[in-house]
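Please open the structure in a viewer and keep the sequence beside it. The tour below proceeds by selections, and each stop states what is to be found there.

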Amino acid sequence: MYRIMGALSLSCLLLTGCIDSQTRMKIAEETEKENDLGVATIRDITEIGPGSDAPMQVSGVGLITGLAGTGHSPNGPYRDILEQYLLKHNTTRGGEMAHDGTDIKVRKILDNPNNALVIVTGFIPPGAHKGDRFDVDIKLPPASKTSSLAGGYLQLCTLRVYAAASDLSGRSQYANSQKLLAGHIVAHAKGRLFTGFGNNADSHELKHARVWQAGVSRVARPYSFVMRDDRKSLGIASDVARRINFMYQEDPNSPARRFEFNQQENRILAMGLAANQLNQNQDPYGIHANDVAKASKECIIHVRVPAIYRFDHERFQRVACLTPLRDNDPNLNRYRQRLQAMVLNPRECQRAA
């Protein structure tokens, strides 16, 4: 509709002779840009599935060590969670934790002012592979007396998706319940804290921290490219998946996909995975390690972000959607020539890239 209106406006102006030749050329160029070049792209026959382009928030309770006497672990539900985690994963049979060659009870670890209980939050981006990294934020729980997180280290912790009971059940007794229920473990995190991003004029700046690339996803979160109703066909969906795999190569052995853990951490990560055993043995979306996309029988193309785009998932989504469908499109040469010209134009280079 907008293209038709633009063409009508241009015709009227040309007929009335109210504009000069330079203006006519500019309008013609804009019209040509809006009319595109006739190259069919993936965006023309698919759309992003609802919810598949939203990040997944994950949270957990963690232990910060290495503080200079500025830490604190307040009593309450968060401490109960952390105590159970330490007793289950990091301790001996008697509920004692090995530390510098000495057995120290878990409660003494939490009462040590060089340690602090914290809330860890991160977001697994859409398009993520199993094993992809993401940043996590660190904040203090209510009633914490920790005065500074500077110099601290986040010990290995597990992250889950939490949801309010009222969002998970339609029963009347849960209608206004804000009780948080934990889902399966979907990620874990550890690493050195970064604090004081401002000028340190505010004492609260040292009570917040971030750990870059500390989170590791245990699940895959591919985008869903859904075929439009008038183009629904498993054959066409498979062609789209093959086109994406041809245009965007994946390297499963890329250093970006690797993460190292010591023997004790590997034991912790190996525990409690019975519920996810099937997902550990086989990708639930059926995407091969060397591929980026896979079509399902529902005419949905599941697409993961290749390693080279791992720091800008949104850009990959845009680029993938604008990928020409066919390499033998008769207008493809003209399309490429136009893009080459646009790259050299400061006003057009970002769109062309």
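Begin with helix H11 and select Asn-333, Gln-337 and Gln-340: these exposed residues lie on the face of H11 turned away from its buried side. Exposed denotes a relative accessible area over 50%, buried one under 20%, and partly exposed one in between, computed with a 1.4 Å probe on protein chains only. Helices (H or I, at least four residues) and strands (E, at least two) are DSSP runs, numbered from the N terminus. The model is predicted: local features need pLDDT of at least 70 and side-chain atom pairs count only at pLDDT 80 or more, while totals for chains, interfaces and linings use all residues. Residues are numbered from 1 along each chain as its sequence is written, and side-chain values use heavy atoms, with hydrogens and water left out.

**The other side of H11**

Now select Leu-332, Tyr-335 and Met-342, the buried residues of H11. They lie on the same side of H11, because they cover an arc of only 80 degrees around the axis; the arc is that of the directions from the helix axis to the C-beta atoms. Add helix H12 (349-352) to the selection, since the buried residues of H11 pack against H12. Contact here means heavy atoms within 4.5 Å.

Then consider the length of H11, which comprises residues 332-343. Its 12 residues, at 1.5 Å a residue, should span 16 Å, and the end C-alpha atoms are indeed 16 Å apart. The expected span of a helix is 1.5 Å times one less than its number of residues.

**Helix H7**

Move to residues 234-247, which form helix H7. The expected span for its 14 residues is 20 Å, in agreement with the 20 Å between its end C-alpha atoms. Which residues of H7 are buried? They are Ala-237, Val-240, Ala-241, Arg-243, Ile-244 and Asn-245. To see what covers them, display helix H3 (42-45) and strands E10 (223-227), E11 (293-295) and E12 (300-303), which are included in the cover.

Next, select Ser-233 at the N-terminal end of H7. Ser-233 caps this end, with a side-chain oxygen 3.3 Å from the backbone nitrogen of Gly-235.

**Salt bridges**

How many salt bridges does the structure hold? There are eight; a salt bridge is a side-chain nitrogen of Lys or Arg within 4 Å of a carboxyl oxygen of Asp or Glu.

Remain on H7 and select Arg-242 and Asp-239, whose closest N and O atoms are 2.3 Å apart in a salt bridge. Both residues lie in H7, three residues apart, about one turn of the helix. Arg-242 is exposed at 52% relative accessible area, and Asp-239 is partly exposed at 43%.

Proceed to helix H10 (residues 313-321), where Glu-314 and Arg-318 are four residues apart, about one turn of the helix. They form a salt bridge with 3.6 Å between the closest N and O atoms. With 54% relative accessibility, Glu-314 counts as exposed, whereas Arg-318, at 42%, is partly exposed.

Another salt bridge joins Arg-336 to Asp-327, the closest N and O atoms being 3.3 Å apart. Finally, select Arg-79, Glu-83 and Asp-111, which are joined into one network by salt bridges that share partners.

**A buried serine**

For the last stop, select Ser-217 in strand E9 (residues 209-217). Is Ser-217 buried or exposed? Ser-217 is buried, because its relative accessible area is 2%. Residues up to four places away in sequence aside, Ser-217 touches several others, including Ile-124, His-129, Phe-134 and Val-186.

Technical notes: Polar contact = N/O pair within 3.5 Å; in protein donor to acceptor, adjacent residues only side chain to side chain.
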